Amino acid sequence: MKVYPKPGLVVRDPVTMQHIPTDGHEVSENDMHWAMLINHGDVTTTPPAAAALAAPSKKNEGSAV
């Protein structure tokens with residue numbers, strides 16, 4: 001299964017000690033560590049909304065009002 005960190009959190013893979021990317025990290029469905037993080041709400045199996053990943057655009061940038 002693929003897990004995603006909750007927005008605003010940095011979550012490490014306990015094996016590699018690397019931060020899991022916001023675009024998801026493949027983990028075993030039987031791993032108790034990831035099951036605990038899902039239950040605590042630190043990670044989710046639902047991909048983040050595309051709008052949350054994209055940088056907000058500024059409308060009328062540089063226009064004089």
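A polar contact is taken here as a pair of N or O atoms within 3.5 Å, where, within protein, one atom must be able to donate a hydrogen and the other to accept it, and where residues adjacent in sequence count only if both atoms are side-chain atoms. The structure is a predicted model, in which local features need pLDDT of at least 70 and side-chain atom pairs count only at pLDDT 80 or more, whereas totals for chains, interfaces and linings use all residues. Residues are numbered from 1 along each chain as its sequence is written, and side-chain values use heavy atoms, with hydrogens and water left out.

The chain holds 2 helices and 3 strands, in the order β-β-α-β-α from the N terminus on; helices (H or I, at least four residues) and strands (E, at least two) are DSSP runs, numbered from the N terminus. Of its 65 residues, 17% count as buried, a term that stands for under 20% relative accessible area, with exposed meaning over 50% and partly exposed the range in between (1.4 Å probe, protein chains only).

At the N-terminal end of helix H1, Asp-31 acts as a cap, with a side-chain oxygen 2.8 Å from the backbone nitrogen of His-33. Helix H1 is followed by Gly-41, whose phi is positive, near 90°, and which is placed in the loop between helix H1 (32-40) and strand E3 (43-44). Gly-41 counts as partly exposed because its relative accessibility is 30%. Although Gly-41 and Lys-6 are 35 residues apart in sequence, their C-alpha atoms are 7.2 Å apart in space.

The largest nonpolar core, a set of buried Ala, Val, Leu, Ile, Met, Phe, Trp, Tyr and Cys residues joined through side-chain atoms within 4.5 Å, has 7 residues, namely Val-3, Val-11, Ile-20, Val-27, Trp-34, Leu-37 and Val-43. Within this core, Val-11 is in contact (heavy atoms within 4.5 Å) with residues including Ile-20, Trp-34, Leu-37 and Val-43, when residues up to four places away in sequence are not counted.

Asp-13 lies in the loop between strand E1 (2-5) and strand E2 (25-26). The side chain of Asp-13 reaches the backbone nitrogen of Thr-16 at 3.5 Å, and a polar contact of 2.7 Å joins the side chains of Asp-13 and His-25. Not counting residues up to four places away in sequence, Asp-13 touches Gln-18, Ile-20, His-25 and Trp-34.
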